[in-house]
Amino acid sequence: MEAMESPSRGGGTFISSHLLRLPTETRTKVFASAASCQAVLRILSPIARHYCLRACFSGEVDEDVVANWSASRKNQGNNHRRAVESLLDLGVWKKVLKDGGKQANNKATYKVNERFAEKLRLILQSGVRSVWSEPTEVARRMLPDAEELRRLSQRRWDSVLLFLAGGDGQNTGSGPLNLEEVLTRLGLLERTSSVGSKRKRDGDEEGGVGDGTDTESEGGAAGPRPALRTTPEGYQFLLRPAEEQVWRIVGEFLSVQCGLDGESGAAAVSFLLQLGFCEEGKVCKLSVLSGGGGDAIARVARALATLGLVYPFESPESPGEFWVLPTHLSKLLCGGPGTGGGQGPAPFSVLGEGEGIIVETNYRVYAYTKSPLRRAVLELFCLQEYVLPNLFVGRLARESCSAAFEAGISAELIVDYLNRNAHPQVHVVRSGAPVLPETVADGVRLWEVEARRLSMSECAMYDKFESRSLFLESLGHAKDHGKVLWVDEAEMKMVVQLDHHNSMKAFIKEAKMKL
Amino acid sequence: MVQAMKGVLLKGDIPLKEFVLSLNESRIPSEKFVIADLDERTLLIQPQAKAFLEEKLQGFVEENQYQPPLRSSGHSAGNRK
């Protein structure tokens, strides 16, 4: 779980965390395009952006000068440091010691990446020509309208997650995006050795999903890939915010398909950067983007189309020319974790009009939704009571939540999911109060505590130490590795995780020789 | 001579631990599984007994769970099982 949350800490957004993973040369290649530079500028924090603009004409700036920029205000120290760090991490700035560091009081200078500075000056002086343009009249008639586009793309994306949830959402086969591989690599799915073994949770759910719903039913046992199983991480993933889901899948796809370095990696990232910041309803010709990595871009575009992030179409005027129309989901690419979470409706909500979840204090859950995915996710922790074409009614119950805890979903995740996907009306009615009734949230948390009431762990116990110093030394060793489960210093007994037993044995032997 | 013993560390609340001890007491000496009673919430048990205990403890927790009476009105909850 920690690993999933960490990208937010690095640079603030998922896209910047991906940029950080790129090798330096690739990053420099990303800076070759003015539009990408503009996008990079936009993902920076406001202070960092400001610093960047201040320094772009001079090309370099002394460390103490930069330090002065924030000296006047209190509490700016931290923000200042973080801004400079993020610039250094992204390779926008480089720290250079004056005179090669020979002088005693060597002062450092920050050098702005030359390419970046050059592009930035270009943008400031003459503006950047956007690759996005209004679709032509002919094309517009052919394209789906906003409502339709939203529906289409959402369905694509939902089917990806349904595939993960165990439904037969997406057929992988020979698409540009081997979903099965990507999900397996992310550790969300795993292959089980015995073919035909039924997935455990499918068994519990089949009765619930099959009947009453006329849309895609989850064909549990007869599913297309009986040898795959959703891991605990996979179930957790289903409940996470959409921007994180989108980014993890796209990010993994990028590193598998395009590699992180070279032209293709850079081209792919440039494409994503521009996609994340494009305006609604604008379209783009794919060949305009291909600065050396046309092949990669085409591949990325096709993969994104599979995920529902862009809508590809062939130009009606000149056949053979491919254009893409970004959907509402592509906005999530450059949205950071800060933009989606928290209280109030998310700005980039993937909920449709009038959709959302209402939880009553009596643990009953009403979810206005038509999506089979949402129903499948809710059934992970709710007992289903009725299903209407646009409404799911369920109940949070001890048994259903225990099943979720067993599958690896934590109470916090459930509470968070219900909060995040609350019906807009709930925000209005319960203004100020928590969106999810506190009794319900506490109830779910208590169930979790109860489910984890007992812990059993394989271990080894050590006692009858000859001397206190030997005991303390051994204890120190085990503590350094974080493997101590239980200790009684008075009795000189300790319990250590079993996987540390061999190392422990060797250490005690050695310590005894020394003493 | 330092002595090492392999086993399974069981951590739980006091009632749960006492229940395990009583289970242990009720068995014949050769089948006892508690190796050491470490403190009021912790026990060291034989690895073989893990599966058996898990099952027993699950039953113990279920038994002591308050089930609110189901309402027999139109909101027929829980009959989906």
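Colleague: How many bridges join strand E13 of chain A to E1(B), and which way do they run?
Modeller: In this predicted model, nine bridges join E13, residues 455-463 of chain A, to E1(B), and the two strands run antiparallel.

Colleague: Which residue is the bridge partner of A:Glu458 in E1(B)?
Modeller: That's B:Val8.

Colleague: OK, zooming out a bit. How many residues of each chain are in contact?
Modeller: On the chain B side it's 35 residues, and they touch 33 residues of chain A.

Colleague: And what area is buried between them?
Modeller: About 3000 Å², with carbon and sulfur atoms giving 54% of that.

Colleague: How many salt bridges and how many polar contacts are there between the chains?
Modeller: The salt bridge count is zero, but eight residue pairs are in polar contact, both residues at pLDDT 80 or more.

Colleague: Which elements of chain B supply the side that touches chain A?
Modeller: Strands E1 (3-11), E2 (34-39) and E3 (42-45), plus helices H1 (14-25) and H2 (50-63), each supply at least two residues. E1(B) gives the largest share, nine residues.

Colleague: What classes of residue are on that side?
Modeller: You'll find 17 nonpolar, ten charged and eight polar residues there.

Colleague: New topic: chain B itself. What order do its elements come in?
Modeller: Starting at the N terminus, they go β-α-β-β-α. That's two helices and three strands.

Colleague: How much of chain B is buried?
Modeller: Of its 81 residues, 32% are buried. As for contacts in chain B with a separation of 6 or more, 55% come from residues 24 or more positions apart.

Terms used: Residues are numbered from 1 along each chain as its sequence is written. Chains are lettered from A and ligands numbered from 1 in the order in which they are written. This is a predicted model: local features need pLDDT of at least 70, side-chain atom pairs count only at pLDDT 80 or more; totals for chains, interfaces and linings use all residues. Side-chain values use heavy atoms; hydrogens and water are left out. Contact means heavy atoms within 4.5 Å. Buried area is the accessible area (1.4 Å probe) that two parts lose on being put together, summed over both. A salt bridge is a side-chain nitrogen of Lys or Arg within 4 Å of a carboxyl oxygen of Asp or Glu. A polar contact is a pair of N or O atoms within 3.5 Å; within protein, one must be able to donate a hydrogen and the other to accept it, and residues adjacent in sequence count only if both atoms are side-chain atoms. Helices (H or I, at least four residues) and strands (E, at least two) are DSSP runs, numbered from the N terminus. Ala, Val, Leu, Ile, Met, Phe, Trp, Tyr, Cys and Pro count as nonpolar, Asp, Glu, Lys and Arg as charged, and the others, Gly among them, as polar. Two strands pair if DSSP finds at least two bridges between them. Buried means under 20% relative accessible area, exposed over 50%, partly exposed in between (1.4 Å probe, protein chains only).
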